[in-house]
Amino acid sequence: KMEGMIDKIVLLLFSLKHSNDLALLRYSVLGLLLEDRVYSRLLSMPFYISFCILIIVTMCYGKDWEDWNENTWPLNISRVLGWLQVMVCAMSFSLFLIKEATIISFEQRQRAQIEDLERLLKVHESIRWSSQTANAVLRNYRFWFLVSFVLAAFAGVLGSPFFNTVHLLDFLVHSPAGQEVMQSFKVGGPPLMRTGLVGMLIMFIYSIIGWVCFAEYLDPDIEFYMDFTDRPYDASRDKFCHTLYQCVGMHLAQGLGQAGDFGRVYGDPVNEWFPSMNHVPNYYYQEWLYQARSIFVLSFIIIWGFLLSNIMTGQIVEAFTQIRQRTVESVRDLEERCFICSKDRYAFEQRKGTGEFGFQHHTDHEHNPIHYLYYLDRLMHTDETDYTGIESHVAKLLREKRGKRTDWLPINRALQLERLEQEMEDHSEIENQRQDQ
């Protein structure tokens, strides 16, 4: 946690310095657009513009492209909005390069630990555009996200307006609800995909077994008639599988699309050949192939429809539960433990009766994270020749690798508690000496 705090403080101070450099342009149009509030709203505009365009297209498109071209006023409105979309997307992309490119480069270098102390601490030495900066930006997903927005905006104006559908993905990036969904997919996506892969393999196995064992039901060139004593049928069913490849594809499509029921592959439900399961022979030795096929399909319905699909539903719910638990645990940790020393609230509150201050005083005045932010900011803006002995020691530790950079922090230590413990030990020693005397 302390390693992450140091990294975030350094990145924050660099970001503030970069923002101050950009603030010199505050009296220009570019400076106005680079303000955080204006910049965030500009990034969210493509979603609303595309939504309006697609609403107009949906209501007035007609049957085909010719009908759409005949609707003059909806076409003109959509084109005006389309060119506005091009301008907004181009501006967002340009401002992204100006405002965030150097920060992305600095963060990547910091994460890769290729910067020494002088480059990490002396944030007034701004990182200029270089091959490393370009490489960092090209690896960032937001760069390609905005590039796709610009290309889709041009394609929507010069080609089909349906390219504006791409901009609706902005909801997943800049909307709190979309970010929550993406976070849940990030947490629950891997186990969900593994469970889905297991389901696909089971469908594939069942399709092979169905082709090998129940070819009579799958052969499109053979007319098959059910013969029940109490309910004879005289109509042949429709056939769906012509090749093994087609059979596997039909099993996968029907198994996923019909909630685990691929019975349609074996017959036409319109003619009640399948999946109607209420036709049972009079005796167990009659129509044994039909019975085996019914048990075969029912077993897959149980495995996929009742087991795997419910497991996948549970994994989705578990992903949201984990996200909520992480948030609750983070808030609880900040409320019940000191962020710097990790001592719990109870250790300070129980000593209030001895005349000492409580937990709130400790986190506000003794171990306030903001004070450490100011301290690192002082190190970053002070020449090394002006360092005191303690500052030189801290700067030397910050040059170390991860795991040793936090040795100067009071982790699991609090002077207030140590002083009280020392006083209690001294008092106990005095009492023992009195008893001995």
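A residue is called buried here when its relative accessible area is under 20%, and exposed when that area is over 50%. With this cut-off in hand, helix H17, which spans residues 389-398, makes a good place to start in this predicted model. Glu391, Val394, Ala395, Leu397 and Leu398 of H17 are buried. Because these residues cover an arc of only 160° around the axis, they sit on the same side of H17. Gly389 and Lys396, on the other side of the helix, are exposed.

It helps to set this helix against the whole chain. The protein has 18 helices and zero strands. Of its 437 residues, 39% are buried. Among contacts with a separation of 6 or more, 69% are accounted for by residues 24 or more positions apart.

The neighbour of interest for H17 is helix H16 (residues 369-380). Two packed helices are described by the angle between their axes and the distance between the axes. For H16 and H17, the axes come within 11 Å and cross at roughly 90°. The pair therefore counts as roughly perpendicular. On the H16 side, the contact is made by Tyr375, Leu376, Arg378 and Leu379, and on the H17 side by Ile390, Glu391, Val394 and Leu398. By residue class, this contact divides into six nonpolar, no polar and two charged residues. Glu391, Val394 and Leu398 thus appear in the contact with H16 and also in the list of buried residues of H17.

A second helix pair offers another geometry. The axes of helix H10 (residues 176-213) and helix H13 (residues 288-336) come within 8 Å, crossing at roughly 170°. That angle is over 145 degrees, so H10 runs roughly antiparallel to H13. The residues of the contact between H10 and H13 comprise 21 nonpolar, ten polar and two charged. Cys213 belongs to helix H10. Because its relative accessibility is 47%, Cys213 counts as partly exposed. Although 80 residues separate Cys213 from Arg293 in sequence, their C-alpha atoms are 8.7 Å apart in space.

Beyond H13, one backbone angle deserves a look. Ser342 lies in the loop between H13 and helix H14 (345-349). The phi angle of Ser342 is near 65°, a positive value in a residue other than glycine. With a relative accessible area of 22%, Ser342 is partly exposed.

Attention now turns to the nonpolar interior. The largest nonpolar core has 33 residues, and those with the most contacts inside it are Trp68, Phe93, Leu95, Phe96 and Phe143. At least two residues of this core come from each of helix H3 (36-60), helix H5 (72-112), helix H7 (131-138) and helix H8 (141-158). H5 gives the most, with nine residues. Phe93 illustrates how such a residue is surrounded: leaving aside its neighbours within four places in sequence, Phe93 is in contact with Phe143, Leu146, Val147 and Val150. Another core, of 30 residues, lies apart from the largest one and includes Met5, Leu379, Val394 and Leu397. Two of these, Leu379 and Val394, also take part in the contact of H16 with H17.

Helix H3 holds one further residue worth following, Ile49. Its relative accessibility of 8% is under 20%, so Ile49 counts as buried. Ile49 and Leu81 are 32 residues apart along the chain, and their C-alpha atoms are separated by 6.7 Å. Beyond neighbours within four places in sequence, Ile49 is in contact with Leu81, Leu84, Gln85 and Val88.

Terms used: Residues are numbered from 1 along each chain as its sequence is written. This is a predicted model: local features need pLDDT of at least 70, side-chain atom pairs count only at pLDDT 80 or more; totals for chains, interfaces and linings use all residues. Side-chain values use heavy atoms; hydrogens and water are left out. Buried means under 20% relative accessible area, exposed over 50%, partly exposed in between (1.4 Å probe, protein chains only). Helices (H or I, at least four residues) and strands (E, at least two) are DSSP runs, numbered from the N terminus. The arc is that of the directions from the helix axis to the C-beta atoms. A nonpolar core is a set of buried Ala, Val, Leu, Ile, Met, Phe, Trp, Tyr and Cys residues joined through side-chain atoms within 4.5 Å. Contact means heavy atoms within 4.5 Å. Axes are lines fitted to C-alpha atoms, for helices over the stretch in contact, and angles run from 0 to 180 degrees between N-to-C directions. Angles under 35 degrees count as roughly parallel, over 145 as roughly antiparallel, 65 to 115 as roughly perpendicular and the rest as oblique. Ala, Val, Leu, Ile, Met, Phe, Trp, Tyr, Cys and Pro count as nonpolar, Asp, Glu, Lys and Arg as charged, and the others, Gly among them, as polar.
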